[in-house]
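Welcome! Take a moment to look over the chains below, and then we can walk through some of their features together.

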Amino acid sequence: MSGKDSKDNVADLRQDHARANESSPRRIPHAYLRKPLAIGAVAIVGASLLAGYPWLFGTPLMLQIAISVLIYVPLVVGQNIITGNSGQLSMGHAAFYAVGAYCTGILVTRLDGFPALAAVALAIVGAGLLGLLIGFPALRVSGDYLFILTIGLNLIVVSVATQWEAATGGARGLTRIPLFSVGGYEFRTPEDFYYVVLIAAVLCVGVAAAVLSSRFGRLLEAARDDRAAAEACGVSITGMRLSAFVIGSSMAGLSGAMFAYNLGFVGPQSFTLQQSLLIFEMVIIGGLASIRGSILGAIILVALPEALRFLQDYRLGLGGVIILILMVWRPNGLLGKGVVAPLVKS
Amino acid sequence: MIPSGPARATTAPATAARGHLTVDDAYVAFGGIVALDGLSIDVPAGVITGVIGPNGSGKTTLIDVISGAQRPGRASIVLDGISVGPHGARLRARAGIARTFQHVRLFDSMTVLENALIGGTRVYQSGLTAAMLRLPRSRTEEARQRQAAVDILAIFGDRLLPRLDHPVGTLSYANRRRVEIARAIMLEPRVLLLDEPTAGMNPHESFELAEQIPGLLQRYGCSAVLVEHKVDIVVQLCKEVYVLDHGQLLAHGNPTTVQQDPKVQEAFLGVD
Amino acid sequence: MSEFGQQLLNGLAAGSIYALLAVGYSLVYGLLELINFAHGHVYMVGTFVVLSSMLAGFPFAFALVIGMGFGALLGVLIERVAYRPFRGANRIIPTVSAVAVTLILENVAAQVWGPATRRFDTPLPTSAIEILGLRISWIQVIVLAVTAVIAVMLYLMVQYTSWGRNVRAIRDDMQSAELVGVPVNRIVTSVYALGGALGVLAGVLFAAYYDSVYVSMGFYGTLYAFTAAVIGGIGDLRGAFIGGVLLGIVQALTAGYISSGYMDAVTFGLLIVFLVFRPLGLSNSGQVSRV
């Protein structure tokens, strides 16, 4: 980060700042809002690409990849808020994913004509509630232990989903989930559904950006960086940690709903520990505490294996190798910011 | 009811003195070691009170007990007439007890300005949801907070102002200390606890900081508890000094008298 | 009553296997306050190595030794590559490294031995005997006997050998131990080697008991070991044994009286309850890592 031009006169510096403050009272010294013109240009190009994607890359495969990436985005962004911005080593994210998917699935298969938007909203709330629930024990437990505790949660959810046939359809799952529809219009084709997940992902990213670049985001990271110092400033560690869990898990709930509508089917096999690991990998590789990193991580770990089909079987192990290399060279991940101090070589 | 500070205009003149702090019969023991043994001190409003003593005499423990970082076996702590004893560190900060740490504790992933802004938590009126939604009231308050932070950082001359956007990890130790102090002042505290603020600074920097401290305190009329090893600074800044030894009060009075006390000289034998 | 007794016995046997696994795990944790997340994967790969050795024609005892040696080596390698370089760093890093290692091991194992469950034929006797209305299989007897022997051996080693003294010194305070001249790196290496070898032994017993070995027993291995260790008091070797046995019994009772499908839910429900309400374990003697 570059500093201001050094000036000897203190008063001048203060005036500069006051002037800057007047013209853009929302000026936020985060890297990604730095150069307005460049950002504007990229945004326009990016938005056009996203909007026109189905025409530009219309093959079924490319569409499926895009939809897959867009379903992962809220998952990864949410996980990153919990682990990156809030510093809590949470691993069982697929548990929240599952709750979102099953909430949607159960509602729309049990209640004829249940509105899709309401199902999505309830999926978000349901997953958020589980996040709140797990947030409390998470407060009392340290880093490594939290890791295992959340894995345990993941396995409990899968176990219950597999056993509780009456509610979840057991191992066979819930089938015949109707198409996503709003006000009578059914999103039949993949091209149609692409826009649904796109809007969901964009909304999620927007919310995340607003939240993280606000005062709340600062306090969240303060609580992560130094708990004692944060408390000495009046920050509620409990409040920050719980909020992170609720926000992160709610986003997973959104992904769950999208997943259910995309596949038309919800089964426990999709929410195993493997899934949590994949989401975690996306955060680690893409970059801690970075929304762009989350998106990048999702793209890399979904699109790349598709592109390098011949490596499909080694996807898991290669991810592991990449992560090991990153831990030495760039522990914050590709686009991550300052969460983990650079390694001190012993 | 914990009183929280009202939001102030950024160019507030010196305000009425506050921060009368009374610690009564503080007792802390770790395992078999007694760190504080029924210690009592009285910090008058608007005044800098010194706490000195050899290593291990309990100075930092005292600060920790006041700020809430350390649960005492027993202690009565009263700030401006309100008992803060039952409350934890966070609520004590909200009540107006600000502090710095013996080894500087900053938020290393953030810049100088961002670190200072965290200190504004106590005084913020609009809620976090308003902040997330960027409501106008929240935005104006953010701007005011930034201006307040810059004004406070400006007290340190051009040490920090050219570096507002620098990550604090890149700063010199002395500058990190200054950021920590600025962050504490942002709380608009009633009492500021300074734990060896000049540790790690050279004599020139120490002297400079000593000159700046009274001005910082006058800004919000707060009192201060200054733990220090450097005797000349204590003499310069403090009207009253408490001398600790092995968790107990050894002597107390104005710095010159205390220095001449034979008990004090004996305790410090071989030390500074 | 004899039904209950039978379940109890089954749980005891299965639990002893968990106990062995938990001990290796607890040894490392007690020493370095590090959750060796790759522990279960070492146990899994080592067991597969024993399988392959047997299929290649080696007699069982031989194959077992090969496997245990492999487990020891793998444990040491993992420590060098994924943990030691990051010893001073922020907790996230070694944890993530461990996860990375498990991914690599899991992938390799799946490629080499396939994702399906394989049978695990051993020359161990499969018959059973009847005592007091309870049916005890010879394998169960062997499992209990081996575990008991190892338990005693470990206890004696930790309490009465110079190696054990060094381990305890490091556990109390690594820096002081170093200053006093304890060869920390060598001891740490030996602990990982021991943990790895014991893990494979546990794995082989598990595979023989259930006549199956499969790739995902890796993750489960780690999780069960951790759960057992937490229940008993993590870092405490006796606690690891007790925790393992208790876990086995709870699982058997769940499978017998509720449904085997809910075993996971109960196991990890127990884990969460202990972590939150009794982090020091039943014996209240575990180590808690700083929040």
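Which residues does Phe241(C) touch, not counting residues up to four places away in sequence? Keep the question in mind as you read, and remember that this is a predicted model.

## A residue in chain C

Phe241(C) touches Ala19(C), Val23(C), Ala151(C) and Gly232(C), leaving aside residues up to four places away in sequence. Phe241(C) itself belongs to helix 10 of chain C, which covers residues 237-257.

Is Phe241(C) buried or exposed? With 27 other C-beta atoms within 10 Å, Phe241(C) is buried, because a residue counts as buried if 20 or more lie within that distance. Another link to follow is the one to Ala22(C): 219 residues separate Phe241(C) and Ala22(C) along the chain, yet their C-alpha atoms are 7.0 Å apart.

## Two helices that cross

Two packed helices are described by the angle between their axes and the distance between the axes. Staying in chain C, look at helix 3 (residues 60-83) and helix 4 (residues 92-113): their axes come within 9 Å and cross at roughly 130 degrees. That angle makes helix 3 of chain C oblique to helix 4 of chain C. The crossing of helix 3 of chain C past helix 4 of chain C is right-handed.

Where the two meet, helix 3 of chain C offers Ile78(C), Ala82(C) and Tyr83(C), while helix 4 of chain C brings Pro94(C), Ser97(C), Ala98(C) and Val101(C). Sorted by class, this contact has six nonpolar residues, one polar residue and no charged ones.

## How the chains meet

Two pairs of chains are in contact, and chains A and B share the most contacts. Here 37 residues of chain A are in contact with 44 residues of chain B. On the chain A side, the elements that give two or more residues are helix 1 (10-23), helix 8 (190-212), helix 9 (215-225) and helix 10 (227-232) of chain A. Helix 9 of chain A gives the most, with seven residues. By class, this side of chain A has 18 nonpolar, eight polar and eleven charged residues.

Chain B and chain C, by contrast, do not touch, and their nearest C-alpha atoms are 13 Å apart.

## Confidence in chain A

The average pLDDT of chain A is 86, and 88% of the residues score at least 70. Within chain A, helix 11 (residues 237-263) has the highest confidence, at a mean of 96, and helix 1 the lowest, at 56.

In residues 1-8 of chain A the pLDDT is below 50, and so it is in residues 21-28 of chain A. Where pLDDT is low, the predicted coordinates should not be read in detail.

Terms used: Residues are numbered from 1 along each chain as its sequence is written. Chains are lettered from A and ligands numbered from 1 in the order in which they are written. This is a predicted model: local features need pLDDT of at least 70, side-chain atom pairs count only at pLDDT 80 or more; totals for chains, interfaces and linings use all residues. Two residues are in contact if their C-beta atoms, placed from the backbone, lie within 7 Å. Helices (H or I, at least four residues) and strands (E, at least two) are DSSP runs, numbered from the N terminus. Ala, Val, Leu, Ile, Met, Phe, Trp, Tyr, Cys and Pro count as nonpolar, Asp, Glu, Lys and Arg as charged, and the others, Gly among them, as polar. pLDDT is the predictor's confidence in each residue, from 0 to 100. Axes are lines fitted to C-alpha atoms, for helices over the stretch in contact, and angles run from 0 to 180 degrees between N-to-C directions. Angles under 35 degrees count as roughly parallel, over 145 as roughly antiparallel, 65 to 115 as roughly perpendicular and the rest as oblique. A crossing is left-handed if the near helix is turned anticlockwise from the far one by less than a right angle, and right-handed if clockwise. A residue is buried if 20 or more other C-beta atoms lie within 10 Å of its own, exposed if 12 or fewer, and partly exposed in between; C-beta atoms are placed from the backbone.
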